[in-house]
Amino acid sequence: MKRTMLFLILSLCFVTTFAAGLTGYLTQQIPWMAGNEMTLVPLSESKPDTLEAPSIKGLKYGLLELGAKPIVFALIPGEIPLLWIDANNNSNVLDDPTIAPDFKETHQDTTTYEWITRVKTFYELEGYWESRSVKLLARKTGLTGELEFRYCLYEHMEGLVWAEDGPRKLKLFTLDPKGFYSTDQVYFGVDTDGDGEIALIHDSYEIFLHGEVFSLNGKAYRLGEVSKDGKKVSFEETGYAPTEKPRFLKGDALPIPGVLQTDPIVNAAFFEGSPSLIVLSKVTPATVVEPVYSDCDCISLSAFERFRLDGIIDLAQRYTDLKVLWVLTGKEQVEPEAALLENIYLRDEKALVDFYGFPGEERVFIVDSKGVIAELDSYWVDEASLNTDRPQNGKLMLNYSDIKKTVEALYKTN
């Protein structure tokens, strides 16, 4: 019934809004956010004045700045900390249960506790409120360390935008810690290829920042207006060129960014004639071979990452016509001697980092002699899990054995 009503609403709006652009309606909250920064919350032993409850010694109090009325919570310390949050936002935690962490993770001497829960959030309009999903983290270093507490809104809006050929899926995400939706603090996803889904991976070709331009049915659009509750957006037609969004798929031609189109050395022809690799790393080949542990990103490399970088350098030594575009994503900058080998081409342009990955990333692409992607580190999202409390997503990374076997197979084929 709800879907039928939405269809009718969109059909009626189609006649009146299409001439000026596109209008999207988002009616569903999906419990998943991608890439949002978590807000640090100062903790205090003093009970907030707004909380109608007795002061209890030993509790740590804090405020979630969501909506127009902050939400009070308390952490109950212990071997496993408990969260006591004013989820119904009535300034009283005595009618709210204490909540054990949904998830616990220990790495070296740091322990992280995670909660995902729903809270009642008020807006400026008197009497208007919504239930919002939030993610909360408490992190402690050592056995006696103080808890550090952070949170973020843990949901996005989903709906439909009406295109010339029918409805397309639409998603809207907010970067505002308070949970409001405004044009300059949102990013959005549009089903531009018409497959019924939006690629929610990190290097998505269907996710756009608020100032970026996307193409739909041969026309270019950019975000116009956004309602504060995120339930309605407008897109205006524009004469600007669509934002360059690469699509990395095994078996497809390797996308080449504009910055390399006119490069005299590393260009489209660079990736043809013999196999090649694109390596994104925080460190140079020289640093991989001889790590310098003062002011160096190499200390953040995992053993897995160090081992495969070592292996890639060995492959470049073994196959002298194997071309390696090594893109620096960390603090290190290009120095010719840091490449070590003549067939390793060291670059550090931000445009390359953003096109093939992101700052600080470790990533590998393997390209055959025809410029086609043979293998790559790829992102994934389980779409079915987005409607659950524990959405599944991640990054599948090639190990050195995968890389070695693929490169050897390419040379046997050649």
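This is a guided tour of one predicted protein model, going from the whole chain to single residues.

**The whole chain**

Begin with the full chain in view, where six helices and 24 strands can be picked out, and where the C-alpha trace spans about 70 × 65 × 30 Å along its principal axes. If you colour the chain by burial, buried residues make up 48% of the 414 residues. Among contacts between residues at least 6 apart in sequence, 58% join residues at least 24 apart, which is worth keeping in mind when you select partners later in the tour.

Next, colour by confidence: the average pLDDT of the chain is 86, and 90% of the residues score at least 70. Now select residues 1-19, over which pLDDT stays under 50, and for which the model has 17 contacts beyond four places in sequence. Where pLDDT is low, the predicted coordinates should not be read in detail.

**Val407 in helix 6**

Select residues 400-413, which form helix 6, and find Val407 within this helix. Is Val407 buried or exposed? Val407 counts as buried, because its relative accessibility is 1%, and buried means under 20%. Show the residues around Val407 and, leaving aside neighbours within four places in sequence, you will find it in contact with Leu277, Leu315, Tyr319, Leu322 and Ile366. Of these partners, try Tyr319 with the distance tool: its C-alpha atom is separated from that of Val407 by 9.4 Å, while the two residues are 88 residues apart along the chain.

**Thr121 and the loop with Asn89**

Move to strand 8, residues 110-122, and select Thr121 there. Thr121 counts as buried, because its relative accessibility is 1%. Which residues does Thr121 contact, once neighbours within four places in sequence are left aside? They are Leu66, Gly67, Ile71, Asn89, Tyr128, Trp129, Glu130 and Arg132.

One of these contacts, Asn89, is the next stop, and you will find Asn89 in the loop between strand 5 (82-85) and strand 6 (98-99). Look at the backbone here, since Asn89 has a positive phi of about 55° although it is not a glycine. Asn89 is also buried, with a relative accessible area of 3%. In the loop between strand 5 and strand 6 you can also select Ser91, which has a positive phi of about 65° although it is not a glycine, and which is buried with a relative accessible area of 14%.

**Salt bridges**

The structure holds 25 salt bridges, and a few of them are visited here. Select Glu158 and Lys171, whose closest N and O atoms are 2.3 Å apart in a salt bridge. This pair links distant parts of the chain, with Glu158 in strand 11 (residues 156-163) and Lys171 in strand 12 (residues 166-174), 13 residues apart. Are Glu158 and Lys171 buried or exposed? Both Glu158 and Lys171 are buried.

Then show Arg168 and Asp165, whose side chains meet in a salt bridge of 2.7 Å, N to O. Arg168 counts as buried, at 8% relative accessibility.

For another pair, select Glu375 and Lys250, which form a salt bridge with their closest N and O atoms 2.8 Å apart. Glu375 lies in strand 22 (residues 373-376) and Lys250 in the loop between strand 17 (232-237) and helix 2 (258-261), so this salt bridge ties together parts that are 125 residues apart in sequence. Switch on the surface and look at each partner in turn: Glu375 counts as partly exposed at 21% relative accessibility, whereas Lys250 counts as exposed at 53%. After this pair, select Glu45, Lys60 and Glu146, which are joined into one network by salt bridges that share partners.

**An enclosed space**

Rolling a probe the size of a water molecule over the atoms shows where empty space is left. In this model, the count comes to two cavities of 30 Å³ or more, and the tour ends at the second largest cavity, in which about 40 Å³ of space lies. To display the lining of this cavity, select Leu51, Ala53, Pro54, Ile56, Leu59, Tyr61, Ala74, Trp84, Val93 and Leu94. How many of these lining residues are nonpolar, polar and charged? The lining divides into ten nonpolar, no polar and no charged residues.

Notes
Residues are numbered from 1 along each chain as its sequence is written. This is a predicted model: local features need pLDDT of at least 70, side-chain atom pairs count only at pLDDT 80 or more; totals for chains, interfaces and linings use all residues. Side-chain values use heavy atoms; hydrogens and water are left out. Helices (H or I, at least four residues) and strands (E, at least two) are DSSP runs, numbered from the N terminus. Buried means under 20% relative accessible area, exposed over 50%, partly exposed in between (1.4 Å probe, protein chains only). Contact means heavy atoms within 4.5 Å. pLDDT is the predictor's confidence in each residue, from 0 to 100. A salt bridge is a side-chain nitrogen of Lys or Arg within 4 Å of a carboxyl oxygen of Asp or Glu. On a 1 Å grid over the protein atoms alone, a cavity is a set of points where a 1.4 Å probe fits but cannot get out, and a pocket is an open set with protein on both sides within 12 Å along at least five of seven lines; lining residues have an atom within 4 Å of a point. Grid points are joined across faces, edges and corners, and a volume is the space filled by probe spheres set on the points. Ala, Val, Leu, Ile, Met, Phe, Trp, Tyr, Cys and Pro count as nonpolar, Asp, Glu, Lys and Arg as charged, and the others, Gly among them, as polar.
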